[in-house]
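Please look through the sequence and the model below before reading on. The report that follows takes up strand pairing, then one residue, and then the nonpolar core.

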Amino acid sequence: MTATFELAEYGSDLSLRVWGESVPACLDAALHGFASHIAEIPPAAATDGVPIDIAGNPAELLVGILDEAIAALDIEGTLACGLGDVRIDDRRAHGSLIAVALRGLVLRGAPPKAATWHDARLEPTDRGWQGHVVLDL
């Protein structure tokens with residue numbers, strides 16, 4: 001999957017922009033961006049899965065996956081950092097995310113409290129897909 005992300009301050013929150021060849025590539029980039037804001041992750045550290053089952057249009061999948069990542073961080077101390085065995089079809093993402101235990105990682109930034117709907121989007125372009133979401137810090 002070819003994709004990239006960009007993080008930027010957005011007032012007291014964090015703007016996360018993603019670009020990719022497909023919806024799954026953008027979702028994967030969003031998780032990488034989310035994780036990179038929170039901690040430095042050693043290359044082979046991520047193994048555990050965070051189960052997900054999210055329905056909706058592409059923007060709803062983007063916000064939903066980040067909400068699941070935030071819940072895993074808050075409840076289990078697990079940092080989701082990429083798509084694992086996730087199937088995306090017919091407006092549904094089902095499977096598990098790649099994750100790592102937060103304990104022992106070098107922390108970088110404040111964990112987000114929520115993925116907001118303010119300016120949330122994931123839409124096709126002439127070069128693939130692009131998306132944006134604001135993370136409430």
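In which sense do S2 and S10 pair, and over how many bridges? In this predicted model, the two strands pair in the antiparallel sense, and their pairing runs over seven bridges. Strand S10 also has other pairings, and the table lists each partner strand with one residue pair as an example.

| Strand paired with S10 | Sense and bridges | One bridge pair |
|---|---|---|
| S2 | antiparallel, seven bridges | Arg-17 and His-132 |
| S8 (residues 114–115) | antiparallel, two bridges | Ala-114 and Asp-136 |
| S9 (residues 121–125) | antiparallel, five bridges | Thr-125 and Gly-128 |

Strands S9 and S10 form a hairpin, with two residues between them.

A single residue, Ala-39, can be followed in the same careful way. Ala-39 lies in strand S3, which covers residues 39–40, and Ala-39 counts as buried because its relative accessible area is 2%, where the limit is under 20%. Although Ala-39 and Arg-108 are 69 residues apart in sequence, their C-alpha atoms are 4.9 Å apart in space. Beyond its neighbours within four places in sequence, Ala-39 is in contact with Arg-108 and also with Leu-79, Leu-102, Leu-105, Val-106 and Leu-107.

In soluble globular proteins, nonpolar side chains tend to be buried together. The largest nonpolar core here has 39 residues, and Leu-66 is among those with the most contacts inside it, as are Leu-27, Leu-31, Phe-34, Leu-79 and Leu-97. Several elements each supply at least two residues of this core, including helix H1 (23–38), helix H2 (58–76) and strand S10 (128–136). Leaving out residues up to four places away in sequence, Leu-66 touches Leu-16, Ala-30, Leu-31, Phe-34, Ala-115, Val-133 and Leu-135.

How values were computed: Residues numbered from 1 in each chain as written. Predicted model: local features only at pLDDT ≥ 70, side-chain atom pairs only at ≥ 80, totals over all residues. Heavy atoms only, no water. Core = buried A, V, L, I, M, F, W, Y, C linked by side-chain atoms within 4.5 Å. Buried < 20%, exposed > 50% of the residue type's maximum accessible area, 1.4 Å probe, protein only. Helix = DSSP H or I, 4+ residues; strand = E, 2+ residues; numbered from the N terminus. Contact = heavy atoms within 4.5 Å. Pairing = 2+ DSSP bridges.
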